[in-house]
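Work through the two exercises below with the sequence and the 3D view open. Each solution goes step by step.

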Amino acid sequence: MAQIQFKELKPKEAIEFFQQKGYAIGFSWEDIWQSEHQAAFTVAKVAQLDILRDIREAFDASLQNGTTFNDFKKRLEPLLKEKGWWGKSEMTDPLTGEKKMVQLGSPKRLEVIFETNMRTAASEGQWQRIQDTKETFKYLRYNANNSEHPRMQHSGWDNLVLPVDDPFWQAHFPVKAYGCKCF
């Protein structure tokens, strides 16, 4: 009897989405807004392009190789510490000139960076697959309440079914809200 072998498939569309992104430097997460995140890779408080590249390369390797957050952290934390982007530090907000004590790298920040980018890339990849198959699969169903603390507004959309090309999806898919686990 022939033995079945499974081969891991890379998330092609998610990788393509992530690789097309440019870079954006921002002091606050609010400096780069919504749709700009679709086009640019950014991490708040990273003011040096080399550090932003280091974080992006580590994430890209995780996305391409299917590695875990712990692998991402293990690869990146020593490098960020070596470059001085770790712990709390005083920085000047370039927009206001105000000096602030800010959190640079930390295990929690790395987790947020990893989870946010992984969720966004996966969602964008899914959106591309939806567009590629919309002649056959013409409708989407919004699935909310996938979080321990779901957002009330998102819960109101749970099980909503609309055509793929309905304008609703332009504002609600792929993931548009920080930390959203809806799909």
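This is a predicted model, in which local features need pLDDT of at least 70, side-chain atom pairs count only at pLDDT 80 or more, and totals for chains, interfaces and linings use all residues. Residues are numbered from 1 along each chain as its sequence is written, and side-chain values use heavy atoms, with hydrogens and water left out.

**Exercise 1.** Find Arg109 and describe its surroundings.

Step 1. Locate the residue. Arg109 sits in helix H5, residues 107-133. Helices are DSSP runs of H or I with at least four residues, strands are E runs with at least two, and both are numbered from the N terminus.

Step 2. Look for a charged partner. Arg109 is buried but has no salt bridge. Buried means under 20% relative accessible area, exposed over 50%, and partly exposed in between (1.4 Å probe, protein chains only). A salt bridge needs a side-chain nitrogen of Lys or Arg within 4 Å of a carboxyl oxygen of Asp or Glu. Asp31, the nearest side chain of opposite charge, is 11 Å away.

Step 3. Check the backbone. The Arg109 side chain reaches the backbone oxygen of Gln103 at 2.9 Å.

Step 4. List contacts (heavy atoms within 4.5 Å). Beyond neighbours within four places in sequence, Arg109 touches Val43, Ala44, Lys45, Trp85, Gln103 and Leu104.

**Exercise 2.** Examine phi at Lys45 and Asn159.

Step 1. Recall the background. Most residues other than glycine have a negative phi.

Step 2. Take Lys45. Its phi is positive, about 75 degrees. Lys45 lies in the loop between strand S2 (40-41) and helix H3 (49-65). Lys45 is buried, at 16% relative accessible area.

Step 3. Take Asn159. Its phi is also positive, near 70 degrees. Asn159 lies in the loop between helix H6 (152-156) and strand S6 (161-163). Asn159 is partly exposed, at 45% relative accessibility.

How values were computed. Lys, Arg positive; Asp, Glu negative; His and termini not counted. Polar contact = N/O pair within 3.5 Å; in protein donor to acceptor, adjacent residues only side chain to side chain.
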